[in-house]
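Here's a protein with a couple of ligands to walk through together. Pull up the model, get a feel for it, and then read on.

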Amino acid sequence: MRRRASGTLCWLLLSGSAVGALAASAETPDVETGRRLFLVYCAECHGERGDGYGMRQDISYARPRSFQSARFKLSTTENRVPSDQDLFRTIARGMPGSGMPNWSHLPEAQIRSLALYVRKLGADALRADLDAEVAAGRRSAAEADAIFRSRTVPGPPIQVPPEPPADEASLARGRELYREACAACHGENGSPAFGAVHVDFDGNRLPATSLRSAMFKGGDEGEQLYVRILEGMDGTAMPGYRDAYSTTDIWHLVHWVQELATRGDDPPSASPATMEPSTLAATPPPFPDPEIAQEPAEGGRSGWLTIVAAVTAAGLALLLLALAVGSAR
Ligand code: HEC
Ligand code: HEC
């Protein structure tokens, strides 16, 4: 009896420590865990080797990224290599307005492991390219090392100056700058201008974001928008305005963009036939699909129109008849 009790105790202690060890390994992010999670969650779009050729590669206009390119749209560092926090944020939040889902339901350590693996995919591919160049005598080893570091080690974070108040004056200035610099692509009213289709990294069509859709790949927080406008988005037509405007003007632009985002969708000034390709990716149709929702309403409206037209026609006929009778007398 006693023996059995102590045996049970032993088992409890053992299994307890086993669970503890498991928990500890789940707490510490590591590349191997990241690789395994990647195959389960990410490979269907990003491909098993992270080259962007997964089964669901046609998920949105913006194709699933090839991590072998080691290029990212969303970073807040001086050299565009995303910080750990940048990658964490992107994976956790997803990229609204594209096929990249959000993974915030995963435990933090798993997201960090995934980020490590995504980084490693890029670093390995770059290393292999550089090694080949060194072997072929096209570069010195030291040169290759410098390039490797500059493209894989995150630079210092971009310093975002304190936000000025988002008052009338700031909005007015933001609007003026917007008209000057942004309207050509994002449309006068924040809905992309007709025909303004651009291309991305891989030469695929990538329209300018509808700022009215309030869907920002990197989030709508002032600091994120500030960095996006300052630096642009790597691999897209979205330019950076670091050299064009003062830091205060960039903040005014942020305020105007945030203001546009509160105004709700506004259809771009394009004919339906040509509108579709340039707006689809940036603003996936709201759910439920407005076209489906509108069908009965439109039927109703045309029904009313028929009645109104019939009544008007009958009235006109009566009037003509009365006139004819009057003139005959
Ligand atoms: C349903 C398809 C899909 C799945 C699943 C998916 N992604 Fe993506 N992902 C995309 C698309 C599409 C893009 C490109 C979006 C863009 O460039 O606008 C993208 C882009 C990214 C980027 C680039 C961010 C940047 O700054 O440019 C990262 C990092 C990323 N995904 C990580 C992951 C990770 C990690 C997983 C798995 C946990 C994952 N994705 C699962 C579709 C997917
Ligand atoms: C040459 C065309 C072009 C110009 C000019 C331009 N943009 Fe963009 N912008 C784009 C494209 C294309 C995208 C979409 C990038 C993507 O979805 O990956 C974009 C995306 C954005 C986004 C979305 C960021 C996010 O997190 O998703 C914002 C905000 C933005 N632009 C603001 C501006 C502002 C403000 C200006 C003017 C100061 C401006 N843009 C000028 C083409 C342009």
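What follows goes from the overall fold to the helix contacts, the cores, the ligand surroundings and a few loop residues.

Before anything else, keep in mind that this is a predicted model. The fold is easy to sum up: there are eleven helices and zero strands in the protein. Reading from the N terminus, you go α-α-α-α-α-α-α-α-α-α-α. Of the 329 residues, 26% count as buried. If you take the contacts with a separation of 6 or more, 65% of them are between residues 24 or more positions apart.

Now for how some of those helices meet. Start with helix 2 and helix 4, whose axes come within 7 Å and cross at roughly 90°. An angle of 65 to 115 degrees counts as roughly perpendicular, and these two helices are therefore roughly perpendicular to each other. On the helix 2 side, the contact is made by Val31, Thr33, Gly34, Arg35, Leu37 and Phe38. Helix 4 answers with Gln110, Ser113, Leu114, Leu116, Tyr117 and Lys120. Sort the residues of this contact by class and you get six nonpolar, four polar and two charged.

Further along the chain, look at helix 6 (residues 168-181) and helix 9. Their axes come within 7 Å and cross at roughly 90°, and that makes helix 6 roughly perpendicular to helix 9. Helix 6 brings Ser170, Leu171, Arg173, Gly174, Arg175, Leu177 and Tyr178 to the contact, while helix 9 brings Asp249, His252, Leu253, His255, Trp256 and Glu259. By class, the residues of this contact are five nonpolar, four polar and four charged.

Helix 9 turns up again when you look at the nonpolar cores. The largest core has 16 residues, and the ones with the most contacts inside it are Leu225, Tyr226, Ile229, Ile250, Leu253, Val254 and Val257. Helix 8 and helix 9 each supply at least two residues of this core, and the largest share, seven residues, comes from helix 9. To see the packing from one residue's point of view, click on Ile229: leaving aside residues up to four places away in sequence, Ile229 touches Tyr241, Ile250, Leu253 and Val254. Apart from this core lies another one, of twelve residues, with Cys45, Leu114, Tyr117 and Leu121 among them. Leu114 and Tyr117 should ring a bell, as both take part in the contact of helix 2 with helix 4.

On to the ligands. Which residues come closest to ligand 1? The shell has 27 residues, and the closest are Cys42, Cys45, Ala62, Phe72 and Met100. Helix 2, helix 3 and helix 4 (108-135) are the elements that give two or more residues to this shell, and the largest share, five residues, comes from helix 2. The shell divides into 16 nonpolar, five polar and six charged residues. Note that Cys45 is one of the closest residues here and also belongs to the twelve-residue core.

Ligand 2 has 25 residues around it, of which Cys182, Cys185, Phe216, Lys217 and Met238 come nearest. Here helix 7 (183-186), helix 8 (222-231) and helix 9 (247-261) each supply at least two residues. The class breakdown for this shell is 17 nonpolar, five polar and three charged residues.

Finally, a few loop residues are worth a click. Most residues other than glycine have a negative phi. Ala70, in the loop between helix 2 (31-46) and helix 3 (84-93), has a positive phi near 50°. Is Ala70 buried or partly exposed? Ala70 has 19 C-beta neighbours inside 10 Å, so it counts as partly exposed; being buried takes 20 or more. Ala214 sits in the loop between helix 7 and helix 8 and has a positive phi of about 60° although it is not a glycine. With 19 other C-beta atoms within 10 Å, Ala214 is partly exposed.

Gly54 is also in the loop between helix 2 and helix 3, and with 19 C-beta neighbours inside 10 Å it counts as partly exposed. Not counting residues up to four places away in sequence, Gly54 touches Ala43, Glu44, Cys45, His46, Gly47 and Pro64. Gly54 and Pro64 are ten residues apart in sequence, and their C-alpha atoms are 8.0 Å apart in space.

Terms used: Residues numbered from 1 in each chain as written. Chains lettered and ligands numbered in written order. Predicted model: local features only at pLDDT ≥ 70, side-chain atom pairs only at ≥ 80, totals over all residues. Near = placed C-beta within 6 Å. Helix = DSSP H or I, 4+ residues; strand = E, 2+ residues; numbered from the N terminus. Nonpolar A, V, L, I, M, F, W, Y, C, P; charged D, E, K, R; others polar. Axes fitted to C-alpha atoms, helices over the stretch in contact; angles between N-to-C directions. Parallel < 35°, antiparallel > 145°, perpendicular 65-115°, else oblique. Contact = placed C-beta atoms within 7 Å. Core = buried A, V, L, I, M, F, W, Y, C linked by C-beta atoms within 7 Å.
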